[in-house]
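Here is a short report for a reader meeting this structure for the first time. Take a look at the chains and ligands, then read on.

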Amino acid sequence: MSGAEILSARADVLVLGGGLAGCWAALRAAVLGASVIVAEKGYCGTSGVAATAGPGHWWVPPEKGLRENAVSRRLAAAQGLGDPVWMMRIIERTYETLPSISSHYRYEPDDNGVIRWHALRGPEYLRALRQKVVAAGVRILDHAPAAGLLKDSAGIVTGAHGVLRQGTASEWRVRAGAVVLATGGCAFGSALLGAANNTGDGHLMAAEAGAGMSGMEFSSVFTVAPARTTMTRTMIYSFAHYYDSDGYRIVPPAGPHDNAFLAGALARGPVLCDLSAVPEDIQRQLPQISPNVVVTFRRMGIDPFRQRFPVTLTGEGTIRGVGGIRVTGPDSGCGVPGLFVAGDVASREQVTGPVSGGGAVNSAWALGSGCIAAESAVAFAGINRVLPEPAESRLAERADRAHVAREADLAGLREVIASEMLSPEKQYFRTAGNLLKTEVRLAECHRTLATLRSETTRRGQQKFRELESMLAVARWCTASALARENSLGMHRRTDTSSEEFTPFHITSCGLDMVRTRRVPVEARA
Amino acid sequence: MISVVFDERCTACNECVAVCPGDVFDARAGQSPVIARPDDCHTCFMCELYCRTDALYVAPQTDERSVSHDQAAELSGDFRRESGWDEWGDDPRLRNQHWRLEDVFRRARGV
Ligand SMILES: Cc1cc2nc3c(=O)[nH]c(=O)nc-3n(C[C@H](O)[C@H](O)[C@H](O)COP(=O)(O)OP(=O)(O)OC[C@H]3O[C@@H](n4cnc5c(N)ncnc54)[C@H](O)[C@@H]3O)c2cc1C
Ligand code: SF4
Ligand code: SF4
């Protein structure tokens, strides 16, 4: 878009993504005295998966042995991939930091008059975070999807650039002493509530700058939702019974289980959900616990406690999966100077292992890693450092590419990604044969996309970039699932038997050529 | 999917244009915003929370915009009310009970 009007700005710290992790990072950096800009694809306060949900945080008071116990339980669940030091850090950070939200969040006491500091309803929580961020003097760029990082000639990240969806300027470019990447996980365009903007853009930007991924095989979580809706809130389904269209009960396996037992049934036909087991008091309280759940049923004309209704399984990709950008040190860095990662964009193996951290750990990670990444960014930036000229600063025009991508081209590619990455059967029951087929199809998509350049409209650029990002993430997930030959946690290989192993991570990188590596977990004392 | 803007209720404050994470609306001078890009709608309902005059209606189906105008007119505003926002903020029946969530999970597990 040469000749387009550009909004230029500079700051000590630039935060990409204004969701849970980005807001906490921006606040922390501002409190430390840095000038801060947040660039958010949607609107900081409504965007991201926390804004539409209700995150409970990992909350352990500093009382005799409680934290040690919590960490050792989580370490056991992490099956060799966890790091007790990181776990303890995010517990401490959350406990110290979260109550400060009460300046803008109206906590309501429970039936015993006690405030439960760790449980916040999403829309009010993110609204409060935005208000705090603004009050701290942070500048927010809404509707400003980042497209790429700026680097100087030494390879140090010195800012980012992107598109502006609203207003007269059509691009933005911020030069900064350091960047915190907090663009969330990647749900491959699924209908997961609040996830539509989370298309893996940050993963791609970081990879282009030289960062690697880890744990991308842990990307096979599916959540029940009423068919044709986004309402992937899980609470009420803890009382659910499921039936096929002939009225036969679909019985879950004994013991702890995920929704895999529904995948086969859904492939055969409709699955109906029965919520009549929800106790009456909870039925009455539901509108004030999770208003959006009730609104969804009411507007579909369904009485969920008396009528069975069809459900679907919605893919979460890496969101309540685990994998992401590999964290390379205690500073929440990722091996690229000047770039720090926070929240779901980062791999969370160190705090969750191969099982989902949804429900408590992920939010504590978003908050904790946000604060830590912000501190590292402030230290790296120094305040008011003179910034070198970036080596490159605009979206690659790719003028050499033959064809302009039409929406129909992009839609076709999006569909392939969805059919591979959002299929409960393919992702729950992985085999080398199926994964290889997926790999081939995605590689074809990559070759097709490489012949295309984006339309020069703002939206055309955003959508093109989103597709490139989802495709890259899909390929890293698939290659990593192939590389881990045995089942572990949510990664289920049905073609091999589980066996004892020395714990290792699968790292992945590369765009034209995807590569994976086994990295043994460092021995810990 | 975002379905209706009720022109007669809309004050053209353009709050929805700003807060919509999908950038679905376009502002118009002195008029209600238009739903310019319905296919970009996330079906997140957030615009409704921020519309103080309940001039918006989001259908819960992700793939369907058609909705009875009467139903939309009757139901719109329920999300904002049940969330206890704005003028509903002091109604004790609408107090945020999100803190119950973990207790509900515990009861479902039988503990
Ligand atoms: C339904 C649901 C319920 C959940 N419940 C819990 C729970 O109870 N407890 C728990 O611990 N965790 C829970 N989680 C997980 C928790 O919400 C996430 O871990 C947390 O929101 C992660 O924060 P984040 O900032 O990394 O990502 P998000 O909150 O998703 O924010 C990412 C932000 O980045 C923006 N963005 C994306 N791309 C770009 C770009 N190119 N440029 C600029 N901005 C961009 C997005 O618009 C978004 O606003 C839940 C998740 C879901 C989906
Ligand atoms: S928020 Fe409501 S009142 Fe304001 S412009 Fe949008 S529809 Fe109209
Ligand atoms: S439901 Fe969400 S994405 Fe759709 S118009 Fe409303 S705020 Fe925008």
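A salt bridge is a side-chain nitrogen of Lys or Arg within 4 Å of a carboxyl oxygen of Asp or Glu. Between chain B and chain A, the count is 15 salt bridges. The model is predicted.

**Where the chains meet**

One of these pairs is A:R298 with B:E82, whose side chains form a salt bridge at 2.8 Å, N to O. Six elements of chain B each give two or more residues to the side that touches chain A: α1 (15-19), α2 (46-50), β4 (56-58), α3 (69-75), α4 (78-82) and α5 (101-108). The largest share, 8 residues, comes from α5(B). By class, this side of chain B has 22 nonpolar, 13 polar and 16 charged residues.

How many residues of chain B are in contact with chain A? There are 51, and they touch 56 residues of chain A. The two chains bury about 4,800 Å² between them. Carbon and sulfur atoms account for 53% of that area. Three residues stand out on the chain B side: B:E82, B:H98 and B:W99 supply 14% of the area that chain B buries against chain A, more than any other three residues. Polar contacts also link the chains, with 34 residue pairs counted at pLDDT 80 or more for both residues.

**Chain B**

Chain B has 5 helices and 4 strands. Along the sequence, the pattern is β-α-β-β-α-β-α-α-α. The C-alpha atoms of chain B fill a box of roughly 55 × 35 × 25 Å along the principal axes.

Two ligands have shells made of chain B residues. Around ligand 2 are B:C10, B:T11, B:A12, B:C13, B:N14, B:E15, B:C16, B:P33, B:C51, B:T53, B:A55 and B:L56. By class, this shell has 8 nonpolar, 3 polar and 1 charged residues. Ligand 3 is surrounded by B:I2, B:C20, B:P21, B:F25, B:C41, B:H42, B:T43, B:C44, B:F45, B:C47 and B:V58. Here the split is 9 nonpolar, 2 polar and no charged.

**Ligand 1 and chain A**

Which residues are closest to ligand 1? They are A:A21, A:E40, A:N198, A:D344 and A:S363, out of 35 residues that surround ligand 1. The table lists polar atoms of chain A and their distances to atoms of ligand 1.

| Residue | Atom of the residue | Atom of ligand 1 | Distance |
|---|---|---|---|
| A:K41 | polar backbone atom | nitrogen | 3.0 Å |
| A:D201 | polar side-chain atom | nitrogen | 2.9 Å |
| A:A360 | backbone N or O atom | oxygen | 3.0 Å |

An unreviewed UniProt entry places the feature "domain: FAD-dependent oxidoreductase 2 FAD-binding" at residues 12-60 and 119-222 of chain A. Residues 12-60 of chain A are 24% helix and 18% strand, and the end C-alpha atoms are 33 Å apart. Residues 119-222 of chain A are 21% helix and 29% strand. The end C-alpha atoms of that span lie 23 Å apart.

**Salt bridges overall**

Over all chains, the count comes to 44 salt bridges. One pair lies within chain A: the side chains of A:E375 and A:R28 meet at 2.6 Å, N to O. A:E375 lies in helix α10 (residues 361-381) of chain A and A:R28 in helix α1 (residues 20-31) of chain A, so this salt bridge ties together parts that are 347 residues apart in sequence.

Terms used. Residues are numbered from 1 along each chain as its sequence is written. Chains are lettered from A and ligands numbered from 1 in the order in which they are written. This is a predicted model: local features need pLDDT of at least 70, side-chain atom pairs count only at pLDDT 80 or more; totals for chains, interfaces and linings use all residues. Side-chain values use heavy atoms; hydrogens and water are left out. UniProt positions are given in the numbering used here, feature names are shortened, and annotations may be inferred rather than shown by experiment. Contact means heavy atoms within 4.5 Å. Buried area is the accessible area (1.4 Å probe) that two parts lose on being put together, summed over both. A polar contact is a pair of N or O atoms within 3.5 Å; within protein, one must be able to donate a hydrogen and the other to accept it, and residues adjacent in sequence count only if both atoms are side-chain atoms. Ala, Val, Leu, Ile, Met, Phe, Trp, Tyr, Cys and Pro count as nonpolar, Asp, Glu, Lys and Arg as charged, and the others, Gly among them, as polar. A residue is near a molecule or strand if one of its heavy atoms lies within 4 Å of it.
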